[in-house]
Amino acid sequence: MADFQIPELREYPTIPKLEEGATAHLSPFIAKPDHQEALGFPGELVENWEQKAIEEMGDLLNKYRSFRVYMDACVKCGSCTDKCHYFQGTNDPKNMPVARQDLLRSVYRRYFTLPGKYFPKLVGARDLTREVLDEWYSYFHQCSQCRRCSVFCPYGIDTAEISMAAREIMDRIGHGQKYCNEILGKVHKVGNNLGLPAPALESTLESFEEEIFEDTGAKVKLPLDVKGADVLLITPSADFFAEPHIDGLMGYAKVFHAAGVSWTLSSYASEGANFSMFIGSYANLKRAAERIRDAAIELGVKRIIVGECGHAWRVAYSFWNTVAGIGSGGNDPYAKKLQDQLDHSYPIPQHICEFTWGYIQEGKLNLDPSENDWRTLTFHDSCNVARGSGMGGYPGGQFDIPRNVIKAVCNNFVDMDPDTIHEKTFCCGGGGGLLTDDLMEIRVKGALPRMEALKAVVDEHKVTNLAAICAICKSQFTKVLPYYNMPMDMIVSVHQLVSDAIILEPSPDDDDEDDEDSQDD
Amino acid sequence: MSALYALLFIAATIIFVGGLYIKIRQYYDTPAPLVIPTMPAPRTEKGVAFRLFREVVLFESLFKSNKWIWLFGWMFHVALALVLMRHLRYFTQPVWDWVVLIQPFGKYAGFAMVIGLLGLWARRILVERIRYITGPSDHLMLALLVAIGLSGLGMKFVAHTDIVALKAFFIGLRNFSLQPLPNDPLLLIHLFLVFALMVIFPFSKLLHAPGVFFSPTRNQTDSSREKRHLAPWAAELEK
């Protein structure tokens, strides 16, 4: 099944002994010139790349306070050393967060600090050489930017910020990663990660409508490009084609239908994901988010709701207001152009779980949790939701609200070990731009801590399913669960559970239905 | 010797204050373009102040992470703070009441400080992961701090120095008059090492002290949906 050793699940996870260079051989495919150029980066490694890399590092040091402070502040206390799932799964010391940061910090010290200039050996400073660049490329693509280390750092040093800076530097010297950059090019060109054009999207949505009709007898719509709809739904494009994602999408559609809210998808902005965050590119982050802004203005919607996607929700919740004016409280002309049109009595953007939980609390959804009685659920907090965003307008809402939704539609729920959930959650192993087959070894190994926690509740509480609200987590688990002898269909969407429990009134048989009649039921 | 030490003291102070000013200015001037607090984060400024207070005074994140590092690290820092406050008595005339009050605690805090440092040092040698990330400068920093602590303790508990003369020396410097510094080797070593520490401070990992206040993951408010956060260079992109 694999040409590498699959880690054994440990009953009592311990801190591994170091194995230097254990995953030094792992590197993702390099971006081709057209992938690079579509994002505004040089096609291939530029001639004077060493000098250029230092210049770009200097540029980022002046633009990002996080990067500037984190290069200086680390005291090597060791607090983070055992916190990374990739370290736990690979034993490679360079996967300890501080050691990963030091790959960049050593170069920072050499070129930007006095001691590094005059006493490089003493302070661990080194010249930027081809070996160093290769090491960057390898190990900064063994970080899923999950921010677990930042929870435990006494100065809040966030390795995600450092790996984003490293990837941005590499992109700017023409040494980008194929997976992220190729996908982002498709978003800029077509509007989604898949490169799925509008007609294909339309027929996909129709097929979901038919499927729901066959299951429930209700004519649930999945509208596309409807001008004047109240809600624009922005969801990861995986929701259109991957399992179990599509079951989640049908779940959202059923909730919108049952709540009687008018909504639409956009063929122009048919992607919630924004891989620009993974490569640390502000310019691309803004460009991709502005497609959503433009679609919202074009369609004249009043609200924007985001589907189940971890990093997309971080981008939406934390960055949209900044990069595209999608939010509230903006008083500059750019922000006002969109915000004057939106209804600020709702949170903007709103997470689909916030939306559904609101209607559940109001008792507007007819739910039968016993439909899910054959399952026992646990919930995987996706890192970007847990540590990069919020829900419900209070700290920790991002932990409660998805669980509240699950508990409203499932009678059997247990949590995993408290050290592996909430803000201490372990990454699925595939986030941060690592969800590509050329990195399968690190993905499988990085999943180890999550798999151990899952196995423990499977054994102890007979958990049958793992629910998540992240497209990457869902795809990653589908792929890695079998490596750990668990079935791939264990992973479910939260709104798939809602979908299974929600009771919809069958629509009247005749084709030209009368709205008033159906409301009278 | 007195003149040399007076010069060293002045030079070290200039480098310490000037260097720190430049670094803090740099941190202050560099914008944080995106909202990136480690969530869940406080929703209000007051909440953020409380979070930073817990981080700086209690080392909250470190406590969550590793009790040994927390124990030694916290012990060292609290003891150091007490010792530094106690040392104010050598620079003020009359000595402030609260400095008099903490004198007995400050006296013995020196021991806690050295024990904390030795604990941290032991981890650097004994724990494989921490040994891996430790460089020569990390050992030197600990050696320097331990030497400062031991030379200080030596003067307090073993061979007293002429503390009255020392105080006259520092008070004198404040009034631009050079008073004789006691010619006591332990004192000269102690002072020299402290000057060295002051010089190193703005160029080393000791910048974690101002850095923690500027860390966006700790000092930002969770209000991104309600307020538009825009850095000046990012706003330029909208024009």
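**Reading a two-chain model, feature by feature**

Tutor: Let's start with one residue: W357(A) is buried, with 21 other C-beta atoms within 10 Å. Please keep in mind that this is a predicted model.

Student: Why does W357(A) count as buried?

Tutor: The idea is to count neighbours: a residue is buried if 20 or more other C-beta atoms lie within 10 Å of its own. W357(A) has 21, so it passes that cut-off.

Student: Where does W357(A) sit, and which residues does it touch beyond its sequence neighbours?

Tutor: You will find W357(A) in helix α17 of chain A, residues 352-361. Leaving out residues up to four places away in sequence, W357(A) touches I401(A), N404(A) and V405(A). You can also compare separation along the chain with separation in space: W357(A) and I406(A) are 49 residues apart along the chain, while their C-alpha atoms are separated by 9.5 Å.

Student: Could we try that on I234(A)? Is it buried or exposed?

Tutor: I234(A) is buried, because it has 29 C-beta neighbours inside 10 Å. This residue belongs to a strand, β1 of chain A (residues 231-234). Setting aside neighbours within four places in sequence, its contacts are A269(A), G272(A), I292(A), I304(A), V306(A) and G307(A). I234(A) also lies 9.4 Å from E308(A), C-alpha to C-alpha, with their positions 74 residues apart in sequence.

Student: Now for helices. How do I describe two of them packed together?

Tutor: Two packed helices are described by the angle between their axes and the distance between the axes. In chain A, look at helix α5 (residues 97-112) and helix α8 (residues 130-139): their axes come within 10 Å and cross at roughly 150°. Angles over 145 degrees count as roughly antiparallel, so α5(A) is roughly antiparallel to α8(A).

Student: What is the handedness of that crossing of α5(A) and α8(A), and which residues make the contact?

Tutor: The crossing is left-handed. On the α5(A) side, the contact uses R100(A), L103(A), L104(A) and V107(A); on the α8(A) side, it uses V132(A), E135(A), W136(A) and Y139(A). By class, this contact of α5(A) with α8(A) has six nonpolar residues, two charged and no polar ones.

Student: What about helices α13(A) and α23(A): at what angle do they pack?

Tutor: Helix α13 (residues 245-259) and helix α23 (residues 494-501) of chain A pack at about 55°, with axes 7 Å apart. That angle makes α13(A) and α23(A) oblique to each other, and their crossing is left-handed. From α13(A) come D247(A), G248(A), M250(A), G251(A), Y252(A), K254(A) and V255(A), which meet V494(A), H495(A), Q496(A), V498(A) and S499(A) of α23(A). The classes of this α13(A) and α23(A) contact are five nonpolar, five polar and two charged.

Student: Let's move to chain B. How many helices and strands does chain B have?

Tutor: Chain B has 12 helices and zero strands. Its C-alpha atoms fill a box of roughly 65 × 45 × 40 Å along the principal axes. Of the 239 residues in chain B, 33% are buried. You can also ask how far apart in sequence the contacting residues are: among contacts in chain B between residues at least 6 apart, 72% join residues at least 24 apart.

Student: How do helices α7(B) and α9(B) cross?

Tutor: The axes of α7 (residues 136-158) and α9 (residues 185-200) of chain B come within 9 Å and cross at roughly 150°. That makes α7(B) roughly antiparallel to α9(B), and the crossing is left-handed. Among the residues in the contact are L144(B) and I148(B) of α7(B), and L186(B) and L193(B) of α9(B). The α7(B) and α9(B) contact divides into 11 nonpolar, four polar and no charged residues.

Student: And how many residues of chain A and chain B are in contact?

Tutor: At the interface, 66 residues of chain A are in contact with 60 residues of chain B. On the chain A side, helix α3 (residues 65-73) gives the most, with six residues. That side of chain A has 30 nonpolar, 22 polar and 14 charged residues.

Student: Last one: how confident is the predictor in chain A?

Tutor: Chain A averages a pLDDT of 95, and 98% of its residues score at least 70. Do treat residues 513-521 of chain A separately: pLDDT stays under 50 there, and the model has seven contacts beyond four places in sequence for that stretch.

Note on methods:
Residues numbered from 1 in each chain as written. Chains lettered and ligands numbered in written order. Predicted model: local features only at pLDDT ≥ 70, side-chain atom pairs only at ≥ 80, totals over all residues. Axes fitted to C-alpha atoms, helices over the stretch in contact; angles between N-to-C directions. Helix = DSSP H or I, 4+ residues; strand = E, 2+ residues; numbered from the N terminus. Parallel < 35°, antiparallel > 145°, perpendicular 65-115°, else oblique. Left-handed = near helix turned anticlockwise from the far one by under 90°. Contact = placed C-beta atoms within 7 Å. Nonpolar A, V, L, I, M, F, W, Y, C, P; charged D, E, K, R; others polar. Buried ≥ 20, exposed ≤ 12 C-beta atoms within 10 Å, placed from the backbone. pLDDT = per-residue confidence, 0-100.
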